[in-house]
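This report looks at a single chain through its nonpolar core, its strand pairing and a few individual positions. The sequence and the structure come next.

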Amino acid sequence: MEMINEIEPIPIHADRVSCKSKGACMDRYGERVGLGAPNTYYQLNSTTKDAPVKCKYCGLRFYGVH
Ligand SMILES: [Zn+2]
């Protein structure tokens, strides 16, 4: 988990993201990251690189890019 905290917030070209989204944690870091995580979506509307949303299952952070 310590290593994952050092990963930069991930830019997502969409309004929302989940572990199972294309380009999100499960895609980039393998099945183990999102394993056991329900398909929960996080809204990215008001997120920025400095204020990303954090996946509560794997700890990775995401922000919306438009
Ligand atoms: Zn996740």
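## The nonpolar core

In this predicted model, the largest nonpolar core has 14 residues, and those with the most contacts inside it are Ala24, Cys25 and Phe62. The elements that give two or more residues to this core are strand β1 and helix α2, the latter covering residues 25-29. In soluble globular proteins, nonpolar side chains tend to be buried together.

Phenylalanine 62 can be followed further through its contacts: leaving aside residues up to four places away in sequence, Phe62 touches Pro9, Ile10, Ile12, Val17, Ala24, Tyr42, Leu44, Pro52 and Val53.

## Overall composition

The chain contains three helices and five strands, and along the sequence these elements follow the pattern α-β-β-α-α-β-β-β. Of the 66 residues of the chain, 29% count as buried. When contacts with a separation of 6 or more are considered, residues 24 or more positions apart account for 52% of them.

## The sheet and its pairing

Three strands form an open sheet with mixed pairing, in the order β1-β5-β4. The edge strands are β1, at residues 10-12, and β4, at residues 53-54, each of which pairs on one side only. Strands of a sheet pair through backbone hydrogen bonds, either parallel or antiparallel.

On one side of the pairing, three bridges join β1 to β5, and these two strands run parallel; here isoleucine 10 stands opposite phenylalanine 62 in β5, and Ile10 is also among the residues that Phe62 touches. On the other, β4 and β5 (residues 61-64) run antiparallel and are joined by two bridges, with lysine 54 standing opposite arginine 61 in β5. The strands β4 and β5 form a hairpin with six residues between them, and in its turn glycine 59 has a positive phi of about 85 degrees.

## Individual positions

How exposed is isoleucine 7, judged by its C-beta neighbours? This residue lies in the loop between α1 (residues 2-5) and β1, and it counts as partly exposed because it has 14 C-beta neighbours inside 10 Å, where a buried residue would need 20 or more and an exposed one 12 or fewer. The C-alpha atom of isoleucine 7 is separated by 7.2 Å from that of leucine 60, although the two residues are 53 residues apart along the chain.

Threonine 48 is found in the loop between β3 (residues 42-43) and β4, and with 11 other C-beta atoms within 10 Å it is exposed. The C-alpha atoms of threonine 48 and phenylalanine 62 are separated by 8.4 Å, and these residues are 14 residues apart along the chain. Glutamate 31, which lies in helix α3 (residues 31-34), is likewise exposed, with 8 other C-beta atoms within 10 Å. Between the C-alpha atoms of glutamate 31 and cysteine 19, which are twelve residues apart along the chain, the separation is 9.6 Å.

Methods
Residues are numbered from 1 along each chain as its sequence is written. This is a predicted model: local features need pLDDT of at least 70, side-chain atom pairs count only at pLDDT 80 or more; totals for chains, interfaces and linings use all residues. Helices (H or I, at least four residues) and strands (E, at least two) are DSSP runs, numbered from the N terminus. Two residues are in contact if their C-beta atoms, placed from the backbone, lie within 7 Å. Two strands pair if DSSP finds at least two bridges between them. A nonpolar core is a set of buried Ala, Val, Leu, Ile, Met, Phe, Trp, Tyr and Cys residues joined through C-beta atoms within 7 Å.
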